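Work through the exercises below with the sequence and the coordinates at hand. Each task is followed by a solution in steps.

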Amino acid sequence: MHKRVIITTFHTLIVSLLVIFSLTSCATSEETTRLARNISSTDADVSRLRNENNRRFAELAREDENIRKQLVNLSTAIDDKNEKIKIIFGKLDELEYQLRMYFNELKNELNSLKKSGVASPGSPPIQRPASDASNRDYETAYKDAFEAFQKKSYDEAIKKFSAFVEAHPGTPLAPNAIYWIGESYMSVKNYEKAILSFQELVDKYPKSEKVPRALLAQADAFNAVKDRKSSTTVLKKVIELFPKSEEAAIAERRLRN
């Protein structure tokens with residue numbers, strides 16, 4: 001009797017264990033299936049994010065390329081505009097000089113008339129001073145050099161302007177010629193020689209109207225060779241020496257920027 005009870009209890013225990021094992025196995029199988037589904041869903045999300053990021057990176061790369069092209073085009077347009085401005089300034093200089101020469105000639109003729117009295121109808125025409133011929137000679141030489149600059153033949157312009165300065169150092173156009181030598185060196189990116197040319201103008205002709213612009217250009221040349229300190233010093237010099245000039249206003253804007 002006692003033995004039968006033990007056997008029955010043991011049998012019940014085994015059945016219970018089998019039921020528990022079966023239930024546990026079912027639970028583990030369901031969790032595994034659910035976990036697999038979650039992993040699959042996560043992989044899909046990661047793949048979708050990766051594709052989205054790749055698409056976005058491609059768009060950013062295209063935008064970056066477009067911006068770079070626009071910057072290059074803008075830089076080219078600015079360079080062209082600067083060249084045109086330089087040429088306009090040169091033409092204004094030439095016109096200003098011609099007007100000044102015309103005024104001086106007219107004044108000389110009027111003075112001659114005052115001294116000699118009004119010429120009679122039969123009297124010979126008043127002769128201009130012999131210096132007028134030499135004036136026309138150096139005017140022609142200057143125009144020839146400036147035409148080379150306008151044509152962007154900068155090496156030729158440097159040679160012709162240099163020859164002009166050597167042949168006509170005391171003429172009113174000598175400071176202009178030195179200035180355009182510096183600008184020609186700037187155009188061929190020989191910034192060291194441009195700096196020296198602008199400094200030559202400042203040293204030899206400190207009262208020339210070209211000095212403020214030469215200093216601004218010299219500051220640009222220093223900036224081009226990464227000498228920020230010298231560039232800043234020159235800009236401050238423009239403001240100090242020519243406080244009411246347009247060049248001083250430009251120098252102030254550059255210092256602020």
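## Exposure and salt bridges

D144 has a relative accessible area of 35%, so D144 counts as partly exposed. The model is a predicted one.

**Exercise 1.** Identify the residue that forms a salt bridge with D144, and state how the pair relates in sequence.

Solution.
- Step 1. The partner is K160; the closest N and O atoms of the two residues are 3.1 Å apart. A salt bridge requires a side-chain nitrogen of Lys or Arg within 4 Å of a carboxyl oxygen of Asp or Glu, and the K160 and D144 pair is a salt bridge.
- Step 2. D144 belongs to helix α2 (residues 131-150) and K160 to helix α3 (residues 154-167), so the salt bridge ties together parts that are 16 residues apart in sequence.
- Step 3. K160 has a relative accessible area of 26% and is partly exposed.

**Exercise 2.** Extend the picture from K160 to E156 and determine which residues make up the network of salt bridges.

Solution.
- Step 1. E156 forms a salt bridge with K160, with 2.7 Å between the closest N and O atoms.
- Step 2. Both residues lie in helix α3, and their spacing of 4 residues is about one turn of the helix.
- Step 3. E156 is partly exposed, at 36% relative accessible area.
- Step 4. K160 pairs with D144 and with E156; D144, E156 and K160 are thus linked in a network of salt bridges.

**Exercise 3.** Describe the salt bridge between E200 and K204, and decide for each residue whether it is buried, partly exposed or exposed.

Solution.
- Step 1. The closest N and O atoms of E200 and K204 are 2.9 Å apart.
- Step 2. The two residues are 4 residues apart in helix α5, so about one helical turn separates them.
- Step 3. The cut-offs are under 20% for buried and over 50% for exposed. E200, at 28%, is partly exposed, whereas K204, at 52%, counts as exposed.
- Step 4. The structure holds 5 salt bridges, including the E200 and K204 pair.

**Exercise 4.** Assess the confidence of the model along the chain.

Solution.
- Step 1. The mean pLDDT of the protein chain is 75, and 58% of the residues score at least 70.
- Step 2. Among the elements, helix α5 (residues 191-204) has the highest mean pLDDT, 97, and helix α1 (residues 2-116) the lowest, 59.
- Step 3. Over residues 101-132 the pLDDT is below 50, and this stretch has 9 contacts in the model beyond near neighbours in sequence.
- Step 4. Residues 2-7 also stay under 50, with 0 contacts beyond four places in sequence.

How values were computed: Residues are numbered from 1 along each chain as its sequence is written. This is a predicted model: local features need pLDDT of at least 70, side-chain atom pairs count only at pLDDT 80 or more; totals for chains, interfaces and linings use all residues. Side-chain values use heavy atoms; hydrogens and water are left out. pLDDT is the predictor's confidence in each residue, from 0 to 100. Contact means heavy atoms within 4.5 Å. Buried means under 20% relative accessible area, exposed over 50%, partly exposed in between (1.4 Å probe, protein chains only).
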